[in-house]
Amino acid sequence: GLHRLHALGGVKCDLKRHYICFRMTPVGPWPVLFDFDIATGIGHTCSSRPGTFQGTPAYAAPEQAREKPVTPATDEYALALTLLSILNGTEGMAIGKESVSDVIRRAGKGAYPYLSFVKETIPPELCAVFTRALERKPNDRHGSCRVFVRELIRALKTLSADERGMRLPDPFAEGNRRPPTDRGYVLSASEPPSRNVTDSSTLFI
């Protein structure tokens, strides 16, 4: 879906697991994207006017958070955050009770707060693919969501059956918590960040 949108010259600008549903097909469940309200053209900004952020701060790429022109690489960054949020139960760039501006500021720096945890808990082959997708500069990423997903599949095929079926440890378990930081673990909360532990629902809807 994203690849088709990009081929038509668009960027979704707001991608997260909340905007993915599944429909049944003859070959099984198929993911479907919805909510394209703020989609824009490649090379444009996602904001309707200067100084107004549009999208979900917790899943925004650095260029989107800084109100710079967006490209397919912007959606690639959000897709990487979305997949990692499914894997580790977190909410993208959000780390708990904080303001929207704090999340936007972190997103603008491209400082994914759970990167150290990811590096320690998933196979290096997968980690390398995610790390590239989360590069701060758009040109340093894979170039397209299709290439990103292709590289993920390639990395998965190198893993053993046990590795492919593994479960990530809970980043918020007592033994895994670390002091909040923008450079490593951010495990100060007792549960994954959600609408209940942030001061604004606009982080997630």
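The largest pocket holds about 710 Å³ of space. A pocket here is an open set of points on a 1 Å grid over the protein atoms alone, with protein on both sides within 12 Å along at least five of seven lines, and its lining residues have an atom within 4 Å of a point. Volume is the space filled by probe spheres set on the points, which are joined across faces, edges and corners. Of the 20 lining residues, Gly1, Leu2, Pro31, Leu79 and Val149 are the closest to the centre of the largest pocket. Two or more lining residues come from each of α1 (2–7), β2 (20–25), β3 (28–33), α3 and α7, and α7 gives the largest share, five residues.

This is a predicted model, in which local features need pLDDT of at least 70 and side-chain atom pairs count only at pLDDT 80 or more, while totals for chains, interfaces and linings use all residues. Residues are numbered from 1 along each chain as its sequence is written, and side-chain values use heavy atoms, without hydrogens and water.

A cavity is a set of grid points where a 1.4 Å probe fits but cannot get out. There is one cavity of 30 Å³ or more, and the largest has about 30 Å³ of space. Its lining consists of Cys13, Asp14, Leu15, Thr56, Tyr59, Ala60, Gln64 and Ala78. The table gives both linings by class; Ala, Val, Leu, Ile, Met, Phe, Trp, Tyr, Cys and Pro count as nonpolar, Asp, Glu, Lys and Arg as charged, and the others, Gly among them, as polar.

| Lining | Nonpolar | Polar | Charged |
|---|---|---|---|
| Largest pocket | 14 residues | three residues | three residues |
| Largest cavity | five residues | two residues | one residue |

Gln64, one of the cavity-lining residues, lies in helix α2 (residues 62–65). Gln64 is buried (under 20% relative accessible area, 1.4 Å probe, protein chains only), at 4%. The side chain of Gln64 reaches the backbone oxygen of Cys13 at 2.7 Å. Beyond neighbours within four places in sequence, Gln64 is in contact (heavy atoms within 4.5 Å) with Cys13, Cys46, Phe53, Gln54, Gly55, Val70 and Thr74.

In helix α6 (residues 124–133), the buried residues are Leu126, Cys127, Val129, Phe130 and Ala133. They lie on the same side of α6, because they cover an arc of only 160 degrees around the axis. The arc is that of the directions from the helix axis to the C-beta atoms. Cover for these residues includes α3 (72–88), α5 (115–121) and α7 (145–157).

The protein chain has eight helices and four strands, and 46% of its 205 residues are buried. Helices (H or I, at least four residues) and strands (E, at least two) are DSSP runs, numbered from the N terminus.

Conventions: Buried means under 20% relative accessible area, exposed over 50%, partly exposed in between (1.4 Å probe, protein chains only). A polar contact is a pair of N or O atoms within 3.5 Å; within protein, one must be able to donate a hydrogen and the other to accept it, and residues adjacent in sequence count only if both atoms are side-chain atoms.
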